[in-house]
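Visitor: Could you take one part of this model and look at it closely, following what it pairs with, what it is tied to and what lies around it? I would prefer one connected account to a list.

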Amino acid sequence: MDVQAKKHTLRMIPYGLYVLTARTEDGVSGATVSWLSQTSFDPPRIIVALRSESGIWHRVQDAGQFVVNVLGTGQKPLASAFFRHVEPEGSTLGGAAFHEGTTGAPILDEAPAYLECRVIEVLEAGDHTLFLADILEAGVQNDLSPLDMSETGWHYGG
């Protein structure tokens, strides 16, 4: 296989950017993710790939639920804030104000939209784990266009 061609081609797949959050009794985690897709209309489901053994991976494994905070155009700084471990400070996480959803996981106030999800299946997939999840709740907080990797100049994958 031509490794450079594979890398280039995989980076041509459009990816949105999201902040995935989860809460357990031990605390809260949030991380920027990009490998996410809708998988079913009925029931409404998504799948997200998380780097195995990462902080957010552990939190989602333990919680069994999470929130996908959809980021909007111009929110590259917000996406960047969740590339590192963040701790909640009052009602902020990574410097972003949040409120709790029905699952208890943080919903970022700045996120244009969000999905509250419950994990129904886990599949080991190489260096990432796939979490198949039912969508329990959805909300739209403003009407920004979605942020994608091409706007940021970042690359993840390939």
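## Strand 4 and its surroundings

Guide: A good place to begin is a single bridge, that of L50, whose partner in strand 11 is T129. The model is a predicted one, and everything that follows should be read in that light. The bridge belongs to a longer contact, for strand 4 and strand 11 run antiparallel and are joined by seven bridges.

Seen in its wider setting, this pair is part of an open sheet of seven strands, ordered 2-1-5-10-11-4-3 and paired antiparallel. Strand 2 and strand 3, the latter covering residues 36-40, are the edge strands, each of them pairing on one side only. Averaged over neighbouring strands of this sheet, and with direction ignored, the angle between them is 35 degrees. In general, the strands of a sheet pair through backbone hydrogen bonds, and they may do so in parallel or antiparallel fashion.

Side chains add a further link between the two strands. R45 forms a salt bridge with D134, in which the closest N and O atoms are 2.5 Å apart. Because R45 lies in strand 4 and D134 in strand 11 (residues 128-140), this salt bridge ties together parts that are 89 residues apart in sequence. As for accessibility, R45 has a relative accessible area of 24% and therefore counts as partly exposed, whereas D134, at 12%, counts as buried because the cut-off for that class is under 20%.

D134 has a second partner, since its side chain also meets that of R118 in a salt bridge, with 3.7 Å from N to O. Here too the pair links distant parts of the chain, D134 being in strand 11 and R118 in strand 10 (residues 113-125), with their positions 16 residues apart in the sequence. R118 has a relative accessibility of 39% and so counts as partly exposed. Taken together, R45, R118 and D134 are linked in a network of salt bridges.

The structure holds three salt bridges, and one of them is formed by R23 and E100, whose closest N and O atoms are 3.2 Å apart. That pair again links distant parts of the chain, with R23 in strand 1 (residues 18-24) and E100 in strand 8 (residues 96-100), 77 residues apart. R23 is partly exposed, at a relative accessibility of 27%.

What remains is the space around strand 4, which leads to the largest pocket, with a volume of about 480 Å³. This pocket is lined by 24 residues, of which A31, T32, V33, I56 and F82 are the closest to its centre. Strand 4 (45-51) is one of the elements that give two or more residues to this lining, together with strand 2 (27-33) and helix 2 (55-63). The largest share, five residues, comes from strand 2, which is also an edge strand of the sheet. By class, the lining of the largest pocket has 13 nonpolar, nine polar and two charged residues.

For comparison, the second largest pocket holds about 200 Å³ of space, and its lining includes R11, M12, P14, D148, W154 and Y156. Seven nonpolar, three polar and two charged residues make up the lining of this second pocket.

Methods
Residues are numbered from 1 along each chain as its sequence is written. This is a predicted model: local features need pLDDT of at least 70, side-chain atom pairs count only at pLDDT 80 or more; totals for chains, interfaces and linings use all residues. Side-chain values use heavy atoms; hydrogens and water are left out. On a 1 Å grid over the protein atoms alone, a cavity is a set of points where a 1.4 Å probe fits but cannot get out, and a pocket is an open set with protein on both sides within 12 Å along at least five of seven lines; lining residues have an atom within 4 Å of a point. Grid points are joined across faces, edges and corners, and a volume is the space filled by probe spheres set on the points. Helices (H or I, at least four residues) and strands (E, at least two) are DSSP runs, numbered from the N terminus. Ala, Val, Leu, Ile, Met, Phe, Trp, Tyr, Cys and Pro count as nonpolar, Asp, Glu, Lys and Arg as charged, and the others, Gly among them, as polar. A salt bridge is a side-chain nitrogen of Lys or Arg within 4 Å of a carboxyl oxygen of Asp or Glu. Buried means under 20% relative accessible area, exposed over 50%, partly exposed in between (1.4 Å probe, protein chains only). Two strands pair if DSSP finds at least two bridges between them. Axes are lines fitted to C-alpha atoms, for helices over the stretch in contact, and angles run from 0 to 180 degrees between N-to-C directions.
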